[in-house]
Amino acid sequence: MLLMNNYKIIIEYDGTDFVGWQRQDNGLSIQELIEVAIQKLTNKETSIFGAGRTDAGVHAKGQVASFKLENYLDANTIRDGLNHHLRPHPIAILSAIEVNDDFNARFSAKLRWYEYQVVNRRSPLTLENNRVWCVHKNINVKKIIEESKKFIGKHDLSAFRSINCQSKTAIKSIDSIDIKKNNEKIHFTIAAKSFLHSQVRIMVGTLVDIGLDKISKSVTEIITKKNREYAGVTAPPHGLYLKKIDY
């Protein structure tokens, strides 16, 4: 049996112009570009496993992927070689390390951390366009912080999944949710082992709608309804970042 070398890489990317993490026929994906970069570096076709399947327009500060190579390369060569072949795309390999043979970026993950950024101001965006969601009406942040606590724990989150979600069950556990306001920026940080399709964006959109008094029901009531029509808008993808993965 051929002994393979297993590698873990941490990736940062601007998802604005991509169809998402996963390979698709309708445009460029981050996965495809990294796999092409590995092939250019090693002259071998290689499949990689990503920890989070970010959607079109979603960014990453700490996406993790793993892959196996027949031939040994040191970690610095992996990092620098892939970054060379990824240019000029807005994708950066922040680090590369050798890992145990049984490590898989997707299946070994214990916790996934997502960050969502909202700018709450009257004026339009300039410097942070495609980086945050700009909400022009005043958001009651104290109210959404209180409501957000009701997400913690294990729930049927059918009201917070997109129609495209292929998950077999809507029951998910939210480990933590933290909301902080710093001047005009509101940071949402949400951690769970796994998420439904568009779950974080629908959670954030619902909380923002509650903070704008567009929704009168509480988060608990919406969860109990188990129906997408009772939740709020799906927050746009460009405010969402895959922050880090815990193993």
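Here are some questions and answers about this predicted model.

User: Which strand is joined to E10 by six bridges?

Analyst: Strand E10 covers residues 240-246, and two bridges join it to strand E3 in a parallel arrangement. The strand with six bridges to E10 runs antiparallel to it and spans residues 111-120. That strand is E5.

User: What is the bridge partner of His59 in E10?

Analyst: Strand E3 takes in residues 59-69, and E3 and E10 run parallel. The partner of His59 in E10 is Tyr241.

User: And which residue of E10 is the bridge partner of Tyr116?

Analyst: Strand E5 spans residues 111-120 and pairs with E10 in an antiparallel way. The E10 partner of Tyr116 is Leu240.

User: How much space lies in the largest pocket?

Analyst: The pocket is lined by 35 residues, and those nearest its centre are Arg53, Arg106, Phe195, Leu196 and His197. The space in this largest pocket comes to about 1,100 Å³.

User: Which element gives the most to the lining of that largest pocket?

Analyst: Strand E5 and helix H4, residues 199-211, each supply at least two lining residues. The top contributor gives three residues, and that is H4.

User: How many residues in the lining of the largest pocket are charged?

Analyst: The lining residues fall into three groups. Nonpolar ones number 13 and polar ones 14, while the charged ones number eight.

User: Arg23 forms a salt bridge with which residue?

Analyst: Arg23 sits in the loop between strand E1 (5-13) and helix H1 (30-42), and its partner is in helix H1, so the pair ties together parts that are twelve residues apart in sequence. The closest N and O atoms of the pair are 2.6 Å apart. Arg23 is partly exposed at 42% relative accessible area, whereas the partner is buried at 8%. That partner is Glu35.

User: Is Glu147 buried or exposed?

Analyst: Glu147 meets Lys150 in a salt bridge, with N to O at 2.7 Å. Lys150 is partly exposed at 30% relative accessibility. For Glu147 the figure is 12%, and the cut-off for buried is under 20%. So Glu147 counts as buried.

User: What is the relative accessible area of Arg79?

Analyst: The side chain of Arg79 meets that of Asp80 in a salt bridge, 2.8 Å from N to O. Asp80 is partly exposed at 42% relative accessibility. Arg79 is partly exposed too, with a relative accessible area of 26%.

User: How many salt bridges does the structure hold?

Analyst: Some of the salt bridges form a network, which links Lys61, Glu115 and Lys243. The total for the structure is 14.

Methods:
Residues are numbered from 1 along each chain as its sequence is written. This is a predicted model: local features need pLDDT of at least 70, side-chain atom pairs count only at pLDDT 80 or more; totals for chains, interfaces and linings use all residues. Side-chain values use heavy atoms; hydrogens and water are left out. Two strands pair if DSSP finds at least two bridges between them. Helices (H or I, at least four residues) and strands (E, at least two) are DSSP runs, numbered from the N terminus. On a 1 Å grid over the protein atoms alone, a cavity is a set of points where a 1.4 Å probe fits but cannot get out, and a pocket is an open set with protein on both sides within 12 Å along at least five of seven lines; lining residues have an atom within 4 Å of a point. Grid points are joined across faces, edges and corners, and a volume is the space filled by probe spheres set on the points. Ala, Val, Leu, Ile, Met, Phe, Trp, Tyr, Cys and Pro count as nonpolar, Asp, Glu, Lys and Arg as charged, and the others, Gly among them, as polar. A salt bridge is a side-chain nitrogen of Lys or Arg within 4 Å of a carboxyl oxygen of Asp or Glu. Buried means under 20% relative accessible area, exposed over 50%, partly exposed in between (1.4 Å probe, protein chains only).
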